[in-house]
Amino acid sequence: STFALSETSFQKDGDLPIFKKVRQEYIHKLEANYLSELSLVCHGDVQKACRISGLSRARLYELLKKHGIGLKQ
């Protein structure tokens, strides 16, 4: 799968970002990458996208809108 996240490199001086921020950024990237892959696989078929992802239609549309991704036909 191409939606795996790469490692984050932190500064060497010991300053780490707040965990919550790092977590939110990873989740955002994971969602966007997953939805992009899902869009490619489903070719605009919303039912298929819901079936594969396990998301409700409403949640799928919410996430697609959040990330500015359309289901490719």
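Student: Is Gln-47 buried or exposed?

Tutor: A good way to decide is to look at the relative accessible area, where anything over 50% counts as exposed. Gln-47 has a relative accessible area of 60%, so this residue is exposed. Keep in mind that we are looking at a predicted model.

Student: Where is Gln-47 found, and how far apart in space are Gln-47 and Arg-57?

Tutor: Gln-47 belongs to helix 2. Between Gln-47 and Arg-57 there are 7.8 Å in space, C-alpha to C-alpha, and 10 residues in sequence.

Student: What do I look for when helix 2 and helix 3 pack?

Tutor: Start with the angle and the distance of the axes. Helix 2, residues 46–53, packs with helix 3 at an angle of about 95 degrees, and their axes are 10 Å apart. The two helices are therefore roughly perpendicular to each other. Helix 2 brings Val-46, Gln-47, Ala-49 and Cys-50 to the contact, while helix 3 brings Arg-57, Leu-60 and Tyr-61. Sorted by class, these residues are 5 nonpolar, 1 polar and 1 charged.

Student: At what angle do the axes of helix 1 and helix 3 cross?

Tutor: Helix 1 covers residues 19–42 and helix 3 covers residues 57–67; their axes cross at roughly 110 degrees and come within 10 Å. Angles of 65 to 115 degrees count as roughly perpendicular, which means helix 1 is roughly perpendicular to helix 3. Their crossing is left-handed.

Student: Which residues in helix 1 and helix 3 meet?

Tutor: From helix 1 come His-28, Glu-31, Ala-32, Leu-35 and Leu-38, and from helix 3 come Arg-59, Leu-60, Leu-63, Leu-64, Lys-66 and His-67. This contact has 6 nonpolar, 2 polar and 3 charged residues.

Student: Let me pick Glu-31 out of that list. Is Glu-31 buried or exposed?

Tutor: Use the other cut-off this time: buried means under 20% relative accessible area. Glu-31, which lies in helix 1, has a value of 17%, so Glu-31 is buried.

Student: Which residues does Glu-31 touch, not counting those up to four places away in sequence?

Tutor: With those left out, Glu-31 touches Arg-59, Leu-63, Lys-66 and His-67. You have already seen these names on the helix 3 side of the contact with helix 1.

Student: One pair is left. How do the axes of helix 1 and helix 2 cross?

Tutor: They cross at roughly 130 degrees and come within 9 Å. That makes helix 1 oblique to helix 2. The crossing of this pair is right-handed, whereas that of helix 1 and helix 3 is left-handed.

Student: And which residues meet between helix 1 and helix 2?

Tutor: Tyr-34, Leu-38, Val-41 and Cys-42 in helix 1 meet Lys-48, Ala-49, Ile-52 and Ser-53 in helix 2. By class, this contact has 6 nonpolar residues, 1 polar and 1 charged.

Student: Now for the whole protein: how many helices and strands are there?

Tutor: There are 3 helices and 0 strands. Following the sequence, you read the pattern α-α-α.

Student: How much of the protein is buried, and what area does the protein expose?

Tutor: Of the 73 residues, 23% are buried. The exposed area is about 5,700 Å², and carbon and sulfur atoms supply 54% of that.

Student: What share of contacts joins residues at least 24 apart?

Tutor: Take the contacts between residues at least 6 apart in sequence; of these, 53% join residues at least 24 apart.

Notes
Residues numbered from 1 in each chain as written. Predicted model: local features only at pLDDT ≥ 70, side-chain atom pairs only at ≥ 80, totals over all residues. Heavy atoms only, no water. Axes fitted to C-alpha atoms, helices over the stretch in contact; angles between N-to-C directions. Helix = DSSP H or I, 4+ residues; strand = E, 2+ residues; numbered from the N terminus. Parallel < 35°, antiparallel > 145°, perpendicular 65-115°, else oblique. Left-handed = near helix turned anticlockwise from the far one by under 90°. Contact = heavy atoms within 4.5 Å. Nonpolar A, V, L, I, M, F, W, Y, C, P; charged D, E, K, R; others polar. Buried < 20%, exposed > 50% of the residue type's maximum accessible area, 1.4 Å probe, protein only. Areas by Shrake-Rupley, 256 points an atom, 1.4 Å probe, with all protein chains shown as cover.
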